[in-house]
Structures are given as C-alpha cells and as structure tokens.
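Student: I would like to see how the terms used here follow from their cut-offs. Please set each value against its definition.

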Amino acid sequence: LTAELRGGMASDKLAEALQEAETKLKETQDMLRNSVEREAQLVTDCRNSMEREAQLVIDFRVAARHLTQTRSSVEGTSAEATAKDRRDRHGSTGTEEHQRSRESGGSTGVPSPSTQPSSSEPLRQLVERARELLREAKFEEQADQHEDAITRAPPWLLVDWLGKAVNKIIRNTLMTAIDSEDVGMELALVKALGELGAAGMVSTLLSQRSVMDAIDAVFLEKAQELQQAAAASGEELNTKFATEGGTFVMTYGTVADFSRGLEALIGSPDANLKEAMRKEHCEKADSNTEWTTGNYGIETTPKIEWFFVVSPASGLAELHLVQWPKEKDPKYARKPQGLMRELKLKMAEINWQLERLGEKELLPEELIGVRLYTGPMFEKYNAANRGGSLMKDQAEFMIKNWTALCQGNRYTTTVHVVNSAMIKLSKLSKVVVVYRGMSGGRLPFGFWRDDPAGGRGGVEFGFMSTTTDKAVAMNYARGSGAGTVLEIVTGAIDRGADLQRL
C-alpha cells in the first residue's frame, strides 16, 4: 500500500511537471510567433519607408527639372538677346571698316578672317550643346545630393550604351581583313598579335576597311534613337512614369520568400492529387462563378475548364452545354484534346526525353495541371499566388483581386502540381533570352538599387509567362499607362518551361 501511494504521488508530480512544461512550451511558441510577426512588420514598415523616400526623391527631381527648364529658357532668351546685340554692333563696325577700305583703295573682294566660315563650326556647336546639357544634368545632380550614397543611381556611361555594337563592327572588320570566318580564328588572331607584339598592326588591318564609317553610322543611329526615346535609361523612364501618375507600383517578394518556398505561401498539397484538383475546380465557392479572361475574352467557369481538359468528349453533355466557351478572336481558338488520345502520345514523347536526361517522368496529374494553366485558369492560379498568401503581407489590390476572383480558393494542390510540371519540363528547354511585357505598373525601388548583398530585383509570386519574340513582349507593354519590357537571360538552373506543345 505504501509503495502504491508513493507511486501515485510520483505519477501526480510527473503529470504536473509535464503540464507545466507544456504550458511553458506554449508560452515560448507564442513569444516566438509574436517575435516573428513583429520582425515581419518591421521589414514591411522599412520597405514602405523606402518607397515613401523614393517617392519624395521623385517629387524633388520633378521640381528640380522644372526649375532647370525655366532657368534654361531664361538663359536662352538672354543669350539670344546678347548675340543679336553683338551682331548689330558687328554689322555697324563692319560697314564702317568696309567704307574706310574703299576710301583707302583697299581690296573689297576678300572677307576679313573674322567673317570667314570655319570648317569646325558643327563640332563647336556640338561641344557647346553637350556642355549645356552637362550643366543641366549637374544642376539636377545637386538637387539629389541629399540621397544616400547607396541609393544614388549609377552614372550613365557611354561604354554601356554602345554595348556590343562597336565591338561587333571591329570584330567583323578584323575577320574580313584576314579573309576568315572561322570562329576559332578569333582567339588565334588575338594570341598571334600578343605573341608578335607588333605595334600598329591592328590599326593597319582596320584602316584597310571603312571601319570608321560603320562606327559613325551605328553611333549616329543609336544617338538618334536615344534622342527620340522617352528616357535615356530604364530607371529614368520608370521615374518618368511615376511623375506622370496613373500607375501602380508592382509588388515582388524577397529572397527570404523564395527560400521559404511554395508551401509557406499557399499551404501543402493533398496526397490524392487528381481528386483534390477536381474539388478545387468543381466544389469550391468560385467553381460555378463565371468570369471573363483579360487576354482572349473567354467567358467561362473553373468547373467548365476542368471538364474541357479532363473530359472533352463527354464534358458538354455532363455540363448540359451546347459548345465550349470561345475566344473573341477566332484565330486564337483553342481545341479540346483527349487525355487518352492526342495528349497521351505527346506525354510519351516528353517522358522519353526526360528519361534520357535522367529526370523524373511527367505524371498524368501534371499534364492536366499544365493544360489547365495554358487556358483561362492561369488568371486564378496567379491571383492566388499574388494575393492569397498564408503568411506574407501582399499588395492590398492583389489581395482584393484574389478575394473577388477566387472567393478564398487558393487552388493549393493544383498550383503545386503545375509548379512540379514546369520544373520537369524546363529540363527540356534551351538556354535563351526571353522577354516579358507589362503595362500600367512601374518597377519597385528594389529593381534600381542594390540590396545589402549587392543584388537587385525581386521574386515573382506567380507563374511568369515570357516569350522569345521581343515584338510580342513590346505589344503587351503598349497597354494603358506605363510600359515595361523585361529582358531575362536564362541559365541552366532557371530555365522556363515551353508549354506550346501542350
């Protein structure tokens, strides 16, 4: 009996100790959660403060630019008046001297040296105009002296502006001079020049061709393009958009958001992939709500899109529809493809290519997800990624857009499946330069100033559609308000997926 009593007391003490430990653990978790939330709020406040400071700088620059224009106008008027007065005096003096010359029997057929036209007059005008523009630029730079050295924009450099144009001319001229188009000859030529060390040999090769005429033509063409452009650089154009108004600041994530991954953004996927995807499209609040896509004007619902991809043959009868929703422009009309017929062959070819590379095969659920993404559903998936975050403070208008369009549906499993498919399909893509055109918004502060690690840019929350055709991107950028085209140089790791075949 004594042993049992002692055992009972020990058990009670152990239970009390466990309960106390659980209470302390909960308190610690609450403290940690509150600490993380406070830190996240501080980061948000800091970013908002930087955006406000950037806007103040923009406003200050606008005022400085207006002041510069006013001062230039006044100086121009004054200079014109001074020049006119000088011409009047010179004309009067010239007449008197001419009269005295005639009276003294001097020659009147040769103009005085001061009136002879100079062959360097265009060059003098060019230099004077350049100095005038430099004075204006320095005046604006003085207005920006209050900016931190870290946030100040880098100088505009001629070598960056010319880029590869002049290098290409020199390369082509040298290869033509030695009568060779062999790529391997380029390195051999440079090594031979370094070995022989013959001074003047390169200038001799270049002088045999009209290299200066080619450089002059390219330089003039690019200079005229710059003169006609809205701004000399991307940052200057972005600032111009901000001062004109009517635009919004695009929202991007941080490196920390990228590291946390997709699960932190929208949650974990369901293990039963296809059934979870079906429920997300057919049994959620927005499943039967019609909406019209912004690109091709298709009026549809998530449930219709699910049947269009998964059951194109029997879907119309099951949904009691006469025909599938169509695009406004017939030339962009899509065609239903059966999973067991057309797409099965394409999937087999893709998986054969992936197997040869030692990569994982594409799953049937991933094929369904990609097919859905290439249709109207991409708007909903991206709305969920950009405005439906579980833990990230995203832009207010993005949150409102997701709430209105998706009615709380994050399409969690579907987005994970599409993401997995794109990672697999990207292994089959070439490393190329791609473009993305956007209109109506301007790039945020982080794209124009280095972060503490020396990087610039941001993390896109959604799937980012791009094109290898720059003209297509330019067309997308020609919408209302600000227009921006991103030129993205892909690599072996961050290649995108080519979805055209699906």
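Student: What makes residues of helix 10 and helix 11 count as meeting?
Tutor: Contact means heavy atoms within 4.5 Å. By that rule Lys274, Met277, Arg278, His281 and Cys282 of helix 10 meet Pro302, Lys303, Trp306, Phe307 and Val310 of helix 11. Helices (H or I, at least four residues) and strands (E, at least two) are DSSP runs, numbered from the N terminus. The model is predicted, and local features need pLDDT of at least 70, side-chain atom pairs pLDDT 80 or more, while totals for chains, interfaces and linings use all residues. Residues are numbered from 1 along each chain as its sequence is written, and side-chain values use heavy atoms, with hydrogens and water left out.

Student: At what angle do helix 10 and helix 11 pack, and why is helix 10 called oblique to helix 11?
Tutor: Helix 10 (residues 273-282) packs against helix 11 (residues 302-310) at about 140 degrees, and the axes are 7 Å apart. That value makes helix 10 oblique to helix 11, because angles under 35 degrees count as roughly parallel, over 145 as roughly antiparallel, 65 to 115 as roughly perpendicular and the rest as oblique. The axes are lines fitted to C-alpha atoms, for helices over the stretch in contact, and angles run from 0 to 180 degrees between N-to-C directions.

Student: Is Lys380 in helix 15 buried or exposed?
Tutor: Lys380 has a relative accessibility of 1%, so Lys380 counts as buried. The rule is under 20% relative accessible area for buried, over 50% for exposed and partly exposed in between (1.4 Å probe, protein chains only).

Student: What makes Lys380 a charge over the ring of Trp291?
Tutor: Lys380 lies over the face of Trp291, 4.7 Å from the ring centre. A charge sits over a ring if NZ of Lys or CZ of Arg is within 6 Å of the ring centre and within 35 degrees of the ring normal. Arg334 is another case, with its charged end over the ring of Phe308 at 4.1 Å from the centre.

Student: Which backbone oxygen lies 2.8 Å from a polar atom of the Lys380 side chain?
Tutor: That of Leu405. The distance fits a polar contact, a pair of N or O atoms within 3.5 Å (within protein, one must be able to donate a hydrogen and the other to accept it, and residues adjacent in sequence count only if both atoms are side-chain atoms). Leaving aside neighbours within four places in sequence, Lys380 is also in contact with residues including Asp286, Pro302, Cys406 and Tyr411.

Student: How many aromatic pairs are there?
Tutor: The count is five aromatic pairs. One of them is Tyr373 with Phe463, at 5.3 Å centre to centre and 70 degrees between the planes. The pair links distant parts of the chain, 90 residues apart: Tyr373 in helix 14 (residues 364-373) and Phe463 in the loop between strand 5 (441-442) and helix 18 (470-477).

Student: What makes the pair of Tyr373 and Phe463 edge-to-face?
Tutor: Rings of Phe, Tyr and Trp (its six-membered ring) pair if their centres lie within 6.5 Å; planes under 30 degrees apart count as stacked, over 60 as edge-to-face and the rest as tilted. The values of 5.3 Å and 70 degrees therefore give an edge-to-face pair. Both Tyr373 and Phe463 are buried.

Student: Why is the pair of Tyr381 and Tyr411 edge-to-face?
Tutor: Their ring centres are 5.5 Å apart and the planes stand at 65 degrees, so the pair is edge-to-face. Tyr381 is in helix 15 (residues 378-387) and Tyr411 in the loop between helix 16 and helix 17, so the pair ties together parts 30 residues apart in sequence. Tyr381 is buried, at a relative accessible area of 0%, and Tyr411 counts as buried at 0% too.

Student: What is the phi of Tyr411, and that of Gln407?
Tutor: Tyr411 has a phi near 50 degrees, a positive value in a residue other than glycine. Gln407 has a positive phi of about 50 degrees, and Gln407 is not a glycine either. Gln407 sits in the loop between helix 16 (396-406) and helix 17 (412-426).

Student: Why is Gln407 called partly exposed?
Tutor: Its relative accessible area is 35%, which makes Gln407 partly exposed.

Student: How do you know that Gln337 is buried?
Tutor: Gln337 has 14% relative accessibility, so Gln337 counts as buried. Gln337 lies in the loop between helix 12 (315-319) and helix 13 (342-356), and a polar contact of 3.2 Å joins its side chain to that of Lys346. Beyond neighbours within four places in sequence, its contacts include Arg371 and Leu502.

Student: Why does Arg371 count as buried?
Tutor: Arg371, in helix 14, counts as buried because its relative accessibility is 8%. Arg371 and Leu502 are 131 residues apart in sequence and 6.5 Å apart in space, C-alpha to C-alpha.
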